[in-house]
Amino acid sequence: MSTSIPLVGISSMATRQLLAELAPLCAPAGSTLRFESVGGVDAARRVAEGESFDLVVLAADAMDKLMAAGHLQPGSLRPLVDSPMAIAAREGTPAPEVGSEAALREAVLQASRIGYSTGPSGVALMALFERWGVMETLRARLVQARAGVPVASLVASGEASLGFQQLSELMHQPGVQVLGEMPAGVQITTTFSGAVAARSAQPGLAAQALQALAGPAVEAVAVRLGLQPRQG
């Protein structure tokens, strides 16, 4: 009786559902594929500290740092999906207007508490608040979700009245209403890339799996989950 070769990947939470659905479809013949999804900061740290994985899927800036430090197989980096940031409020509460930059700025200034993530989208949001010149006004109202904790949970519980995170992490969450993506002129989009880990015991099979993850199989699933496929 033959035994399948297990392939294990690590990813951030933004691509958790996408990879859970695609893994069984993208495992090469004779292998199985599963991903552990955790906070992006923790995932990058674990790879950098030498924990063994076959595939890594994280935001592009984190992947570039891991590649430069020798933790990913040279030449294996592939962009997979773009993840736009969206805005959410608690279900059942009045929805502020966020369809323009001016309206969003006013909604932010009126919010009692603002939830945001530890990832690259959170960094970009803080830069936007700095550019608007409102950071000092907002500082005491900012609530940063702990690594691996979805901003949606802060919004649903009432800990934040307005939440910002990738659309894929806000969609279909109980207790949350998605108000829309960031409006024209202030869009924040995070690209998630995949690569074969330098410590993979099966780099050939891992490369096959990554090729499948970057192929046509991703499209329909990605769009349904609020992500935009990046092929090529």
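In the predicted model, the lining of the largest cavity comprises three nonpolar, one polar and two charged residues. The residues concerned are Val47, Glu51, His71, Ala197, Ala198 and Arg199. This cavity encloses about 40 Å³ of space, and the structure holds one cavity of 30 Å³ or more.

Open pockets were examined next. The largest pocket contains about 670 Å³ of space. Its lining is made up of 38 residues, and Ser12, Met13, Ala14, Gly40 and Glu169 are those that lie nearest the centre of the pocket. Two or more lining residues are given by each of the helices α1 (16–26), α2 (40–48), α3 (60–68), α5 (120–132) and α8 (167–170), and by each of the strands β3 (55–59) and β7 (162–166). Helix α3 provides the largest share of this lining, with four residues. In terms of residue class, the lining of the largest pocket divides into 18 nonpolar, 15 polar and five charged residues.

The second largest pocket has a volume of about 170 Å³. Ala89, Arg90, Thr93, Pro94, Pro96, Ala107, Ala111, Ser112, Gly158, Ala160, Ser161 and Leu162 form its lining. Of these residues, seven are nonpolar, four are polar and one is charged.

Ala107, one of the residues that line the second largest pocket, also belongs to the buried set of helix α4 (residues 101–110). In this helix, Ala103, Leu104, Ala107 and Val108 are buried. These four residues lie on the same side of α4, because the arc that they cover around the axis is only 135°. Ala102 and Gln110, by contrast, are exposed on the other side of the helix. The packing partners of the buried residues of α4 are the strands β4 (78–90), β5 (114–116) and β7, together with the helices α5 and α6 (135–138). Two of these partners, α5 and β7, are also among the elements that give two or more residues to the lining of the largest pocket.

Helix α5 and strand β7 are further connected through aromatic side chains. A pair of aromatic rings is described by the distance of the centres and the angle of the planes. Across the whole structure, a search finds two aromatic pairs. One of them is formed by Phe129 and Phe164, whose rings are 6.3 Å apart from centre to centre, with 85° between the planes. The arrangement of Phe129 and Phe164 is edge-to-face, because planes over 60 degrees apart count as such. Phe129 is located in helix α5 and Phe164 in strand β7, 35 residues apart, and the pair thereby links distant parts of the chain. Phe129 and Phe164 are both buried. Together with Trp132, these two phenylalanines form one aromatic cluster.

A further helix, α9, spans residues 203–213 and includes Gly204. The relative accessibility of Gly204 is 46%. Gly204 is therefore classed as partly exposed, since this class lies between the limits of 20% for buried and 50% for exposed residues. Between Gly204 and Ser100, the C-alpha to C-alpha distance is 47 Å, and the two residues are 104 residues apart in sequence.

Definitions and conventions
Residues are numbered from 1 along each chain as its sequence is written. This is a predicted model: local features need pLDDT of at least 70, side-chain atom pairs count only at pLDDT 80 or more; totals for chains, interfaces and linings use all residues. Side-chain values use heavy atoms; hydrogens and water are left out. On a 1 Å grid over the protein atoms alone, a cavity is a set of points where a 1.4 Å probe fits but cannot get out, and a pocket is an open set with protein on both sides within 12 Å along at least five of seven lines; lining residues have an atom within 4 Å of a point. Grid points are joined across faces, edges and corners, and a volume is the space filled by probe spheres set on the points. Ala, Val, Leu, Ile, Met, Phe, Trp, Tyr, Cys and Pro count as nonpolar, Asp, Glu, Lys and Arg as charged, and the others, Gly among them, as polar. Buried means under 20% relative accessible area, exposed over 50%, partly exposed in between (1.4 Å probe, protein chains only). The arc is that of the directions from the helix axis to the C-beta atoms. Contact means heavy atoms within 4.5 Å. Rings of Phe, Tyr and Trp (its six-membered ring) pair if their centres lie within 6.5 Å; planes under 30 degrees apart count as stacked, over 60 as edge-to-face and the rest as tilted.
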